[in-house]
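Biologist: Please bring up the model. I have a list of questions, and I would like short answers.

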Amino acid sequence: MASFSMEDFVGNGVLKELLPKLLEDGWDDVPTLKIMNSEDMDSINMTRRQKDALEVRSYLHDRALMQYGDKLEASEKCLPELLNLSSGDLSTQFGMKRGHIARFTDRSNACAEPLPKTYNQTAKKITSATSGNDSIYKSLGSVKSKNMQSTSKFSPSSINYDKSLQQSLADFKIKDGYIFKGIVAAGPAEARACGCVQPPPVVDEVAPYSFIEKISVEKLTPEYKIGMERLVKTRSPPMKASELWQDKPAVLLCIRRPGCIMCRAEAHQLYAKKPMFDALGVQLIAVLHEYIESEVTDFWPRYWGGVVLYDRDRGFFKALGGGQLLKDKFVSGFIFNPRAIANYKRAKAMGIKQNFKGEGEIKGGLFVVGRGKSGVAYQFIERNFGDWAPPAEVIGICSQLQSQKQSQEESIKTTKE
């Protein structure tokens with residue numbers, strides 16, 4: 001799978017010399033860089049070749065084909081020209097394998113769940129559409145893009161960026177007729193092996209805030225930025241989990257095993273939506289229950305560019321299981337479980353590598369925790385190996401948290417006046 005390391009993304013071509021300028025203007029992570037539009041590119045004086053290179057590399061990143069980035073960029077062809085080449089030309093000129101050619105030429109088949117189409121950097125004009133989810137629009141009322149934060153005036157490019165975020169969040173709204181799983185969600189409880197094996201039960205109540213606020217965690221990595229060392233050499237001292245969301249809400253992705261192909265796929269597709277969570281004022285954090293340094297370095301920032309924590313006592317994982325670890329055996333939980341096998345095939349189609357290091361039976365999940373002591377707003381439990389929390393639900397919950405925050409601020413402001 002394509003790496004979230006900026007150095008890996010820009011490669012050795014014309015974008016490499018642009019790294020200092022990208023860092024200066026706040027385009028310092030891959031998900032954000034990929035949503036640059038033409039106005040944003042003009043604002044930092046990108047050349048035609050650099051614009052074409054960014055478009056090609058973004059397309060390749062979505063399809064896990066970054067190994068061809070330098071070769072395709074060196075041809076000095078733009079993306080439409082490359083897509084119009086025959087299979088024979090792609091093979092002879094760039095050494096592209098047959099399966100990779102099929103993936104490259106299939107414009108509708110990204111290897112990960114992509115950001116909405118409104119993030120298309122080549123669009124000439126981005127317009128907002130009417131949405132029934134008013135909380136999403138309210139949540140963007142005071143949001144400033146990275147460009148807006150790095151400049152003292154509102155530029156056309158920053159306004160355009162904000163419109164794209166607004167539309168993209170609208171695309172993730174809870175559609176009419178969607179069955180919302182509630183604040184405690186999990187995959188279907190299907191019988192396995194013709195009913196001979198029953199799925200493990202899951203809790204139906206959200207974890208009490210008192211259970212998670214005092215969990216002791218260690219920060220293994222910071223949020224990835226350009227030029228940062230691939231791993232913090234000195235491990236941070238333990239801290240209380242409540243310090244993580246003291247100032248802003250957090251999405252905590254509890255990883256069953258960082259070398260697992262399905263866990264890597266989930267982490268990658270969630271972090272790919274980082275600009276949307278940034279717009280909602282929500283931080284992304286991955287939580288591990290086992291520390292193996294080589295596994296952390298393989299996981300970050302390739303599959304996850306955010307903060308990575310070590311939960312030594314497995315407090316978050318116990319919270320997902322209602323006070324005890326939710327575990328499943330490989331045979332009963334995977335071999336005899338069609339849904340887990342389907343999850344595996346979905347991850348494998350994304351071109352992700354895997355290994356079998358570490359403990360892999362402890363189930364993971366996801367928490368959305370509100371700012372301060374407001375508590376757990378959403379909890380997803382990995383009933384089947386490889387289950388993902390529905391993006392529409394996670395983003396919907398985060399937009400509600402942002403709306404609540406703005407309502408409170410407006411109420412305080414009104415009271416003072």
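Biologist: Between which two elements is the loop with Asn355 found?
Modeller: This is a predicted model: local features need pLDDT of at least 70, side-chain atom pairs count only at pLDDT 80 or more, and totals for chains, interfaces and linings use all residues. Residues are numbered from 1 along each chain as its sequence is written, and side-chain values use heavy atoms, with hydrogens and water left out. Helices (H or I, at least four residues) and strands (E, at least two) are DSSP runs, numbered from the N terminus. The loop with Asn355 is found between helix H19 (338-348) and strand E7 (365-369).

Biologist: Is Asn355 buried or exposed?
Modeller: Buried means under 20% relative accessible area, exposed over 50%, partly exposed in between (1.4 Å probe, protein chains only). Asn355 has a relative accessible area of 15%, so it is buried.

Biologist: Which side chain does a polar contact of 3.1 Å join to that of Asn355?
Modeller: A polar contact is a pair of N or O atoms within 3.5 Å; within protein, one must be able to donate a hydrogen and the other to accept it, and residues adjacent in sequence count only if both atoms are side-chain atoms. Contact alone means heavy atoms within 4.5 Å. Leaving out residues up to four places away in sequence, Asn355 touches Arg257, Gly259, Cys260, Arg264 and Glu295. The polar contact of 3.1 Å is with the side chain of Glu295.

Biologist: Cys263 is in no disulfide, so which cysteine has the sulfur nearest to its own?
Modeller: A disulfide is a pair of cysteine sulfur atoms within 2.5 Å. Cys263 is buried, at 4% relative accessible area. By the disulfide rule the count comes to 0. For Cys263, the nearest cysteine sulfur is 3.7 Å away and belongs to Cys260.

Biologist: Which residues of H19 are buried?
Modeller: Pro338, Lys345 and Lys348 are exposed, on the face of H19 turned away from its buried side. At the start of H19, a side-chain oxygen of Asn337 comes within 3.2 Å of the backbone nitrogen of Arg339. The buried residues are Ala340, Asn343 and Ala347.

Biologist: What arc do they cover around the axis of H19?
Modeller: An α-helix has 3.6 residues a turn, so residues three or four places apart point the same way. The arc is that of the directions from the helix axis to the C-beta atoms. Here the buried residues are on the same side of H19, because they cover an arc of only 55°.

Biologist: Which helices do the buried residues of H19 pack against?
Modeller: There are 20 helices and 8 strands in the chain. The buried residues of H19 pack against two of the helices, H14 (261-271) and H18 (330-335).

Biologist: How many residues of strand E4 are buried?
Modeller: In a regular strand the side chains alternate between the two faces of the sheet. Ala250, Leu252 and Cys254 point one way from E4, and Val251, Leu253 and Ile255 point the other way. Cys254 counts as buried because its relative accessibility is 3%. Strand E4 (residues 250-255) is largely enclosed by the rest of the structure, because its buried residues number 6 of the 6.

Biologist: To which strand do 5 bridges join E4?
Modeller: Two strands pair if DSSP finds at least two bridges between them. E4 and strand E5 (residues 283-288) run parallel, with 6 bridges, and Ile255 has Leu288 as its bridge partner in E5. On the antiparallel pairing, Ala250 stands opposite Val369 and Val251 has Val368 as its bridge partner. The strand with 5 bridges to E4 is E7.

Biologist: Which strands stand at the edges of the sheet?
Modeller: The sheet is open, has 8 strands with mixed pairing, and follows the order E1-E8-E7-E4-E5-E6-E2-E3. Each edge strand has a single partner strand, so one side of each is left without a neighbour in the sheet; the two are E1 (184-186) and E3 (239-240).

Biologist: From the backbone oxygen of which residue does a polar atom of the side chain of Ser75 lie 2.5 Å?
Modeller: Ser75 lies in the loop between helix H6 (69-74) and helix H7 (79-83). Ser75 is partly exposed, with 25% relative accessible area. Leaving aside neighbours within four places in sequence, Ser75 is in contact with Leu82 and Phe94. The backbone oxygen 2.5 Å from its side chain is that of Leu72.
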